[in-house]
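Notebook open, model loaded. I went through the strands, then the helices, then the chain contact.

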Amino acid sequence: MKLLSMTVAAVMAASPVMADLVFPSLSYRTGPYAANGIPFADGYEDYFTLLNERDGGIGGVPVRVIECETGYNAEKGIECYEATKGEGALVYQPLSTATTYQMIPKATADGIPVHSMGYGRTSAKNGAVFSNIFNYPANYWDGASHAINHILDVNGGDISGKKIALVYHNSAYGKEPIRTLEELSKKHGYELMPVAVDHPGQEQKSQWLQIRQQRPDYVLMWGWGVMNQVAIQEAANIRYNMENFIGIWWSGSENDVLPAGAGADGYKALTFHNIGRDYPLYDDLQKYVVDAGKAAGAGDQVGTVLYNRGMYAAMLAAEAAKTAQELSGNADITPAEMRAGMEALEMTEAKMAALGLPNFGPEFKVSCENHGGNGLGAVKQWDASAGEWSLITGYEASDQDVIGPLVEEDSAAFAAESGITPSC
Amino acid sequence: MFYREAGDFSTTYSQDSQTFPIKFDRYRYYVVLAVAFLVVPFFINDYWANAVFVPFLIYAIAAIGLNILTGYCGQVSLGTGGFMAVGAYACYKLMTGFPDVSIVIHVLLSGGITAAVVTLFGLPSLRIKGFYLAVATLAAQFFLVWLFNKVSWFYNYSASGQISAPERSVFGVIVTGPNTEAWAKYLICLVFVTFCAIVARNLTRGSVGRKWMAIRDMDIAAEIIGVNPMAAKLTAFMVSGFFVGIAGALFFAVYLGAAEANDSFGIDKSFLVLFMVIIGGLGSIFGSFAGAAFMVLLPVLLKNVLVGGLGWPTDLAAHLQFIISGSLIIIFLIMEPHGLAQLWRLAKEKLRLWPFPH
């Protein structure tokens, strides 16, 4: 054992140390969630590779991405966090709600910011309580409200008496929207029918039998990994009307709908950023990263929904780092300066167009009170014959009358239980 | 030359029946304890505590627990993950329900609660054996994880279904929660490990342990010579549950800080602890430590060498890790079915004769 520990120490001491900006990538390229984890991780890493190759990093300081495999397991995610935080990690993006929940107290104690983009603890929107946690540009409660708003639009504004099922991953992630959907059901008078699917979700016969028997008018889904593919296949098998089946943004990638073939045609999903690869930035990505043979992974994911999202996450992190460099005057920023940069981040259309991503995501501004952005989201639909997603609505606002008080209530509960005095 | 009984005379009965009859062994044991208590806490940092020492110590307790049941009493259990979850959730309910009581008492009580639950699930062992018992404990594993996910009372009705450990301290030193120092985490686990190992070692050397081993070797013969199989089996389940419960409570409160039944206490935990016991050596306290060290250190070492040292892609390293640990388990089962403890035993036999083996 002594010999082993000495070997480990020698290996760890051998890694070089120099001035760089460290962005850990807690990815999962193995296990039942790999189909969704790989494109996101590739997009995240490729964007930083592009910055290094084209601009020499951010503000002249090269970026170093440390990848750590989590297998979408919160325990391994925390191991990765502990293993990489000593390297000067600037921001963590765990891509797992369960990991985010466990990382919140640790990262706050260590003073490292966490960006849970479109996942994680929704009430982290309240920056007065969650000083180091950011979840811009949208969160799960926004997503729940977008889905209900879309159903309202389709039904001319009246959904009282309708039955809406929620097929959810039985974990912190899937349980997140239930609270909001319950509140919204009081407001709009629909009946909510939660249907839990246990990890990893390869077997959903009984759940879809239940849906077949109870005939809900709409089905919402909070799924991830192999669960998405199976659910969409099962819905196609019971000939559920795909137009009435709406997934959250994590249940809407090509990998999820392709296995069901033509049966998935008409399936809807939410999104908080644009789709496709029709942006000037992709020319640079092709030139500096893909053609140069520096693409992460197999390099075959460029332009897919989750690749775009990973790239968007990296872009927001890089923009926050630039803001931090401007604010602090240092090129080699610390996690604390990064946190300040994230809190001062403002994404405008002009900024995104200059980056080569015009009209890619919504405009938003982060502040100390609001770590969650504006919560805009759109609905997209899958066209199986063309094999592509298309946006069917614009970016619309969520029902802040319902979500605002819920965020207040949940963050106040967290503040009370962990002894935090909210301050801005 | 140094490692022998000769010349070491016992003058009292307690000396004669001590755990380490050989002087060299005894001093080695004191040196290990002294290093663990007096040296390591001064050098430990966050990474070493969280990646190596704390999981090793906690898994060692769990492995001791399972070893008592499987290695000493011969009752196969695949429910260790679920039983650890009982310890974790018991600890959480106690910590949040009685915030003024010391965490040490809560951890011990969680062990007690787990002991009761495990004894309950051990009742079928009076009628069924072997594979059938393994299936019954497997059912316990799935039932318990389902229960902790389904009944929201266990996680205090939190919306996410997760439990997170509030900050608690022992003698003014914070030992749970995000602000815990690495050495405090390590020391609290070390104290529990030392306590559990001493208790387990002495139980297995006494009449209780001998009854367990009699049941393991041949239950009918044991019954004929006067061992009550019900009492022996149920005490094994109870003692095993106590240790596994302590391990679960520490795993949640000190190591993870937050947990979710399915994520942290799934079937893979049961198998992990079972592998530790098999690789370490069935029916050996030292084997529990060796197995836990092997299963905790190997992934860390492989990850550091393959990803950190050689710069390989993480997915390749993760898959290779499965292949390497899997094949090592198979190789061990073929080459040394009695585990690392047997290698240790052989080394000691050789040491007795050294340097004149003939």
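I began with strand E12 (residues 378-383) of chain A, which four bridges join to E13(A), the two running antiparallel. Helices here (H or I, at least four residues) and strands (E, at least two) are DSSP runs, numbered from the N terminus. A note on what I'm looking at: this is a predicted model, where local features need pLDDT of at least 70, side-chain atom pairs count only at pLDDT 80 or more, and totals for chains, interfaces and linings use all residues. Residues are numbered from 1 along each chain as its sequence is written, and chains are lettered from A and ligands numbered from 1 in the order in which they are written.

Which residue of E13(A) is the bridge partner of A:Trp382? I found A:Trp389 there.

Next, the whole sheet. It is open, has seven strands in the order E6-E5-E7-E8-E9-E12-E13 (chain A), and its pairing is mixed; two strands pair if DSSP finds at least two bridges between them. Strand E6 (191-197) and strand E13 (388-391) of chain A are at the edges with a single partner strand each, so one side of each has no neighbour in the sheet. On average, neighbouring strands are turned by 25° against each other, direction ignored.

Then I checked what packs on the sheet. Helix H5 (residues 140-154) of chain A touches strand E7 (218-222), strand E8 (245-247), strand E9 (268-271) and E12 of chain A, and its direction makes about 135° with that of E9(A). Contact means C-beta atoms, placed from the backbone, within 7 Å. H7(A) lies across strand E5 (163-169) and E6 of chain A, at about 165° to E6(A).

I followed helix H7 (residues 178-188) of chain A to helix H15 (residues 400-418) of chain A: they pack at about 135°, axes 10 Å apart. Axes are lines fitted to C-alpha atoms, for helices over the stretch in contact, and angles run from 0 to 180 degrees between N-to-C directions. H7(A) and H15(A) are therefore oblique to each other (under 35 degrees is roughly parallel, over 145 roughly antiparallel, 65 to 115 roughly perpendicular, the rest oblique). From H7(A), A:Arg179, A:Thr180, A:Glu183, A:Leu184 and A:Lys187 meet A:Val402, A:Ile403 and A:Leu406 in H15(A).

Last, the chain contact: 32 residues come from chain B and 37 residues from chain A. H13(B) gives the most to chain B's side, with eight residues.

Technical notes:
Two residues are in contact if their C-beta atoms, placed from the backbone, lie within 7 Å.
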